[in-house]
Amino acid sequence: MSGERRPLADRPLTEPHPSRLPPEHPERERILAAHAAALAAGEAGYLDPATGLFVLSAGFLARRGTCCGRGCRHCPYVDDPPTGKA
């Protein structure tokens, strides 16, 4: 992806794109709770409840201004283009 600023997707920062966190994901509620806490605290991210890996928050990614193209779970730039790709 280029360093050009992109508009945010038309959804709340609290709601990840279903291609990044499907509604049927077994840890979805725990993940969303951890993400909401990170957003509320203004933190860059949170520890994934299942894996312990650090996951960047949509707030942090939005402040960055561009999509890095690495498939971030909470990427605020992913939308539903006709190709289905970010």
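1. I begin with Cys68, which at 28% relative accessibility falls in the partly exposed class. In this predicted model, the cysteine sulfur closest to that of Cys68 belongs to Cys72 and lies 4.0 Å away, too far for a bond. Cys75, by contrast, counts as buried, with a relative accessibility of 5%, and the closest cysteine sulfur to its own is that of Cys67, at 3.8 Å, which is again too far for a bond. Because a disulfide requires two cysteine sulfur atoms within 2.5 Å, the separations of 4.0 Å and 3.8 Å do not qualify, and the count of disulfides comes to zero.

2. Some of these cysteines reappear in the nonpolar packing. The largest nonpolar core consists of seven residues, namely Leu21, Ile31, Leu32, Ala34, Ala38, Tyr46 and Val55, and helix H1 gives the most to this core, contributing four residues. A second core, separate from that one, has six residues, among them Cys67, Cys72, Cys75 and Val78. Cys75 thus combines a place in the second core with a sulfur that is 3.8 Å from the sulfur of Cys67, a residue of that core as well.

3. Within the largest core, Leu32 deserves a separate remark. When residues up to four places away in sequence are set aside, Leu32 touches Thr14, Pro16 and Leu21; of these contacts, Leu21 is itself listed in the largest core.

4. As to the overall arrangement, the protein chain contains two helices and two strands, and their order along the sequence is α-β-β-α. Of its 86 residues, 35% count as buried. The exposed surface of the chain is about 5300 Å², and carbon and sulfur atoms supply 56% of that area. Among contacts between residues at least 6 apart in sequence, 45% join residues at least 24 apart.

5. Which residues pair with Arg28 and with Arg30 in salt bridges? The search of the whole structure finds three salt bridges, and one of them joins the side chains of Arg28 and Glu15, with an N to O distance of 2.6 Å. Since Arg28 lies in helix H1 (residues 28-41) and Glu15 in the segment before H1, this pair ties together parts that are 13 residues apart in sequence. The two partners differ in burial: Arg28 is buried, with a relative accessible area of 10%, whereas Glu15 is partly exposed, with a relative accessible area of 33%. The partner of Arg30 is Glu27, and the closest N and O atoms of that pair are 2.7 Å apart; Arg30 is partly exposed, at a relative accessible area of 47%.

6. The remaining salt bridge to discuss is formed by Asp48 and Arg73, whose closest N and O atoms are 2.6 Å apart. Asp48 lies in the loop between strand S1 (45-47) and strand S2 (54-56), while Arg73 lies in the segment after helix H2 (58-64), so the pair ties together parts that are 25 residues apart in sequence. Are these two residues buried or exposed? Both Asp48 and Arg73 are buried, and a reader inspecting this pair may wish to set it beside the bridge in which Arg28 is buried and Glu15 is partly exposed.

Notes: Residues numbered from 1 in each chain as written. Predicted model: local features only at pLDDT ≥ 70, side-chain atom pairs only at ≥ 80, totals over all residues. Heavy atoms only, no water. Buried < 20%, exposed > 50% of the residue type's maximum accessible area, 1.4 Å probe, protein only. Contact = heavy atoms within 4.5 Å. Areas by Shrake-Rupley, 256 points an atom, 1.4 Å probe, with all protein chains shown as cover. Salt bridge = Lys/Arg side-chain N within 4 Å of Asp/Glu carboxyl O. Core = buried A, V, L, I, M, F, W, Y, C linked by side-chain atoms within 4.5 Å.
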